[in-house]
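User: Please examine the model shown below and answer a series of questions on how its chains and strands are arranged.

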2 protein chains.
Amino acid sequence: MVAEDYGSVIEPVRTTRTFEEVSNRLKELIFNGTFKPGQRLPSEASLARLFRVGRQSIREALRILELSGFITIRAGVRGGPVIEDTVHNKIAGLFLDAFKSDKVSLKDLVVSRKAIEKDVLDLIFVNANRGDLNLLRDNVRQARTKLEKGRLAIEENLEFHRLLARASKSHVFMIVMESILAVFFDFRSKLSAVGGIERSREITRLHEEMIGAIAAKKKRKAVALMELNIDKANEILTANAT
Amino acid sequence: MVAEDYGSVIEPVRTTRTFEEVSNRLKELIFNGTFKPGQRLPSEASLARLFRVGRQSIREALRILELSGFITIRAGVRGGPVIEDTVHNKIAGLFLDAFKSDKVSLKDLVVSRKAIEKDVLDLIFVNANRGDLNLLRDNVRQARTKLEKGRLAIEENLEFHRLLARASKSHVFMIVMESILAVFFDFRSKLSAVGGIERSREITRLHEEMIGAIAAKKKRKAVALMELNIDKANEILTANAT
DNA sequence: TCACATTTGTCCGTATGTATC
DNA sequence: AGATACATACGGACAAATGTG
């Protein structure tokens, strides 16, 4: 019964649940471009009239679309459901849940992160252009100015890796990276600032060297720096774990 | 404003939406083990009384937990919300959505899949044991019997890769693999059976050789076979794409 | 600043569908 | 087959948020 494992990916045909039918219909309308990004969907009351169902069913359908990253919802007179893509963040959120519920261990996270960031570097050496490098340089510059003011640059340090994924031009890796970073970002709030500055400075320095290695097409050096980088990031997590 | 991009991962503090508060509280109860897998949550009516909120808020909270992969819901007298982990499938579902909405290209998928399956092989050479190999052999055996009956063995061919991810002992890669396979599984329904048997047979043969290479600790050969495998799978997709 | 309109958010009462005993 | 205990769905009402004149 191999195929049964896909039971949640391939939705069973159930007309019983009205809100699922509504959700799928709306999703289809978004896919085929009837509703475009930035555009407002009709209000709950309007949708209820249009689909000839109760407002409750509409609400639950919209809840699904919201959690799936297709729309955002705001109250108020010019509010309502708006087509807005947040799928990356939603996937990262679910991944964070998986981590929190102990399905993903810290060791697993570090091991797979090393492999994935290495893949990203491989792709960067093929796909990245000058603009991508400039974005990376800007990031390091921002981190430096923050550090000079005596503040931690954790957000910038994490953003660096997101920029790397973007430079690889692979959306798959952008999604995976976002998910991994979400875990580290979640830890961020629990970090003790004591001694953090020095680590943050060190990571920023590694990032700077990495940019140099990429620009100089020195792949092996870039990979070695990445290993150091991830180990340092891991130290921060394990040092703060109770 | 780098940190703003995490706006959907780190939920904003909003007491305005009751159902989110309820959803978070229940999620926390699941995380800390108050509710364990297989256990039933109280019914909607009971939860409404316990939290002192309306049933609608409870329903939307349960909808969130259902879509996040924490619970399943069944009607009927012994039904109700049950703690059941389907997070992997839910992530895969969102990833499939991302693919369908053209955020992930087929080329991107193939390139990243090659890199990721190579990582999985690397981990297998470190972590896999005899039991994992036996599971892989069973899978190929099942595929063979299906092929001998003149039926396609697509499910088994895809399952092979899921077994590989499991043998790597990395939940991160299990999740990523599940997501990638979901796309191929989705295509499955659109495949023309014409000429498919031969391709399915060829893939099964590659899988068999791959097991041999893993057992013999021949990493380079295993990687080469994997490349062939993925190219073949990709051919099936592109051949059927309109 | 204030009143107003629009839209989401929330609760309640009720009815129906569904699965189990 | 009937009773029971659930989720599912509808309609009505009001509160809260938010933008507008």
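**Protein–DNA surfaces and chain pairing**

Analyst: In this predicted model, the surface near DNA strand D draws at least two residues from each of α1 (18-31) and α3 (55-67) of chain A, and from each of α2 (44-51) and β2 (80-83) of chain B.

User: Which element gives the largest share of the surface near DNA strand D?

Analyst: The elements supplying at least two residues each include α1 and α3 of chain A. The largest share is three residues, and it comes from α3(A).

User: Which residues come nearest to DNA strand D?

Analyst: There are 26 residues around DNA strand D, where a residue counts if its C-beta atom lies within 6 Å. Those that come nearest are Thr18(A), Val53(A), Gly54(A), Gly76(A) and Ser43(B).

User: How many charged residues does the surface near DNA strand D have?

Analyst: By class, this surface has nine nonpolar and twelve polar residues. Its charged residues number five.

User: Which elements each supply at least two residues of the surface near DNA strand C, and which residues come nearest to that strand?

Analyst: Chain A supplies at least two residues from each of α2 (44-51) and β2 (80-83), and chain B does so from each of α1 (18-31) and α3 (55-67). The surface has nine nonpolar, twelve polar and four charged residues. Of the 25 residues around DNA strand C, the nearest are Thr18(B), Val53(B), Gly54(B), Ser57(B) and Gly76(B).

User: How many residues does each chain give to the contact between chains A and B, and which element of chain A gives the most?

Analyst: Chain A gives 48 residues and chain B gives 48 residues. On the side of chain A, at least two residues come from each of α3, α4 (87-100), α5 (106-127), α7 (154-167) and α8 (171-188). By class, that side has 24 nonpolar, eleven polar and 13 charged residues. The element that gives the most, with twelve residues, is α4(A).

User: What relation links chain A to chain B?

Analyst: A turn of 180° with a shift of 0.0 Å along the axis lays chain A on chain B with an RMSD of 0.1 Å. The relation is therefore that of a two-fold axis. The same surface serves both copies, and the share of the contact residues of chain A that recur in chain B is 100%.

User: How far apart do the C-alpha centres of the two domains of chain A lie?

Analyst: Chain A is divided into domain 1 (3-85) and domain 2 (88-239). The distance between their C-alpha centres is 35 Å.

Methods
Residues numbered from 1 in each chain as written. Chains lettered and ligands numbered in written order. Predicted model: local features only at pLDDT ≥ 70, side-chain atom pairs only at ≥ 80, totals over all residues. Helix = DSSP H or I, 4+ residues; strand = E, 2+ residues; numbered from the N terminus. Nonpolar A, V, L, I, M, F, W, Y, C, P; charged D, E, K, R; others polar. Contact = placed C-beta atoms within 7 Å. Least-squares fit on C-alpha atoms with pLDDT ≥ 70 in both. Domains from an automatic or database assignment.
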